[in-house]
Amino acid sequence: MKIAVPSSANGGLEDTIAPVFARAPVFTIIEVENDEIKNVKTIQNPAVSAPSGAGPMAVQMLINEGVDAVIVPQLGPNALGAIQAAGIKVYTFPPGIPIREAVESVIKGAPQTVQPPYPVPLAPVYGFGYGWGRGRGWSRGGWRGRGWGARLGYCPGTGMPSRRTLRWLYG
């Protein structure tokens, strides 16, 4: 089994878990056979300075290395989708824990964690009530609604008072 861990500094078993996944400077890849660490390898992350799409780029690099599991503090939505599509197991540990400690707990049988899906924004809810917006301002019939200006006799198109208003005001 190959386990990948985003590393804070130079990588290796003595380094700590980085606080981010896709923008971590180095990934430490640990090969485990018969519950023993056989090989440790560090890879520079090419997605560190990517302007966008760093998550899928990092996941693709790990897929090319043949990784079976990742130990991460958290995953973004793009990286999570790519990891789930690749069938890679996800173990979540807080950042700052030594990599050796996290790998040993995974070897001993730490439960696989699945991040909850990111919340989907709900549709806006419109209620009944009088607030500051929704065309109840003192506009003269602009795009936000007719406002009080229309009630006072202003033309919504030109913003000028109507003849009826002028007659009422001045006789």
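This note goes through the strands around β2, two of the loops beside them, one buried threonine and the largest pocket.

1. The status of the model comes first: the structure is predicted, and the remarks below should be read as a description of that model.

2. Strand β2, which covers residues 26–33, has a neighbour on either side of the description that follows. With strand β1 (residues 2–7) β2 pairs in the antiparallel sense, over six bridges, and with strand β3 (residues 36–44) β2 again pairs in the antiparallel sense, here over eight bridges. Strand β2 is mostly covered, since six of its eight residues are counted as buried.

3. Val26 is a useful residue for tracing this pairing on the screen. In the pairing of β1 with β2, Val26 is the bridge partner of Ser7, while in the pairing of β2 with β3 the bridge partner of Val26 is Gln44. Ser7 can also be followed through its side chain, which makes a polar contact of 2.6 Å with the side chain of Thr28.

4. Thr28, a residue of strand β2, deserves a paragraph of its own. Is Thr28 buried or exposed? Its relative accessible area is 0%, and because buried means a value under 20%, Thr28 falls in the buried class. Besides the contact with Ser7, a polar atom of the Thr28 side chain lies 3.0 Å from the backbone nitrogen of Gly12. When neighbours within four places in sequence are left aside, the contacts of Thr28 include Ile3, Ala4 and Val5, together with Gly11 and Gly12; Val40, Lys41, Thr42 and Ile99 are also among them.

5. The connection between β2 and β3 is a hairpin with two residues between the strands, and the backbone there merits a look. Asn34, found in the loop between β2 and β3, has a positive phi of about 55° although it is not a glycine. Asp35 is placed in that loop between β2 and β3 as well, and its phi is near 60°, again a positive value in a residue other than glycine. As for accessibility, Asn34 has a relative value of 71% and Asp35 one of 58%; because exposed means over 50%, Asn34 counts as exposed, and Asp35 is likewise exposed.

6. Ala9 belongs to the loop between β1 and β2, and at 41% relative accessibility Ala9 counts as partly exposed. Which residues does Ala9 touch, not counting those up to four places away in sequence? They are Asp15, Pro25 and Val26, the last of which is the residue already described as the bridge partner of Ser7. The C-alpha atoms of Ala9 and Ala24 are separated by 8.6 Å, although these two residues stand 15 residues apart along the chain.

7. Finally, the largest pocket has a volume of about 160 Å³. Its lining is made of 14 residues, and the closest to the pocket centre are Ala22, Gly55, Leu75, Gly76 and Ala79. Two elements, α1 (54–65) and α2 (77–86), are the ones that give two or more residues to this lining. By class, the lining of the largest pocket holds eight nonpolar and five polar residues, with one charged residue besides.

Key. Residues numbered from 1 in each chain as written. Predicted model: local features only at pLDDT ≥ 70, side-chain atom pairs only at ≥ 80, totals over all residues. Heavy atoms only, no water. Buried < 20%, exposed > 50% of the residue type's maximum accessible area, 1.4 Å probe, protein only. Helix = DSSP H or I, 4+ residues; strand = E, 2+ residues; numbered from the N terminus. Pairing = 2+ DSSP bridges. 1 Å grid on protein atoms, 1.4 Å probe; cavity = no way out; pocket = protein on both sides within 12 Å on 5 of 7 lines; lining within 4 Å. Points joined across faces, edges and corners; volume = space filled by probe spheres on them. Nonpolar A, V, L, I, M, F, W, Y, C, P; charged D, E, K, R; others polar. Polar contact = N/O pair within 3.5 Å; in protein donor to acceptor, adjacent residues only side chain to side chain. Contact = heavy atoms within 4.5 Å.
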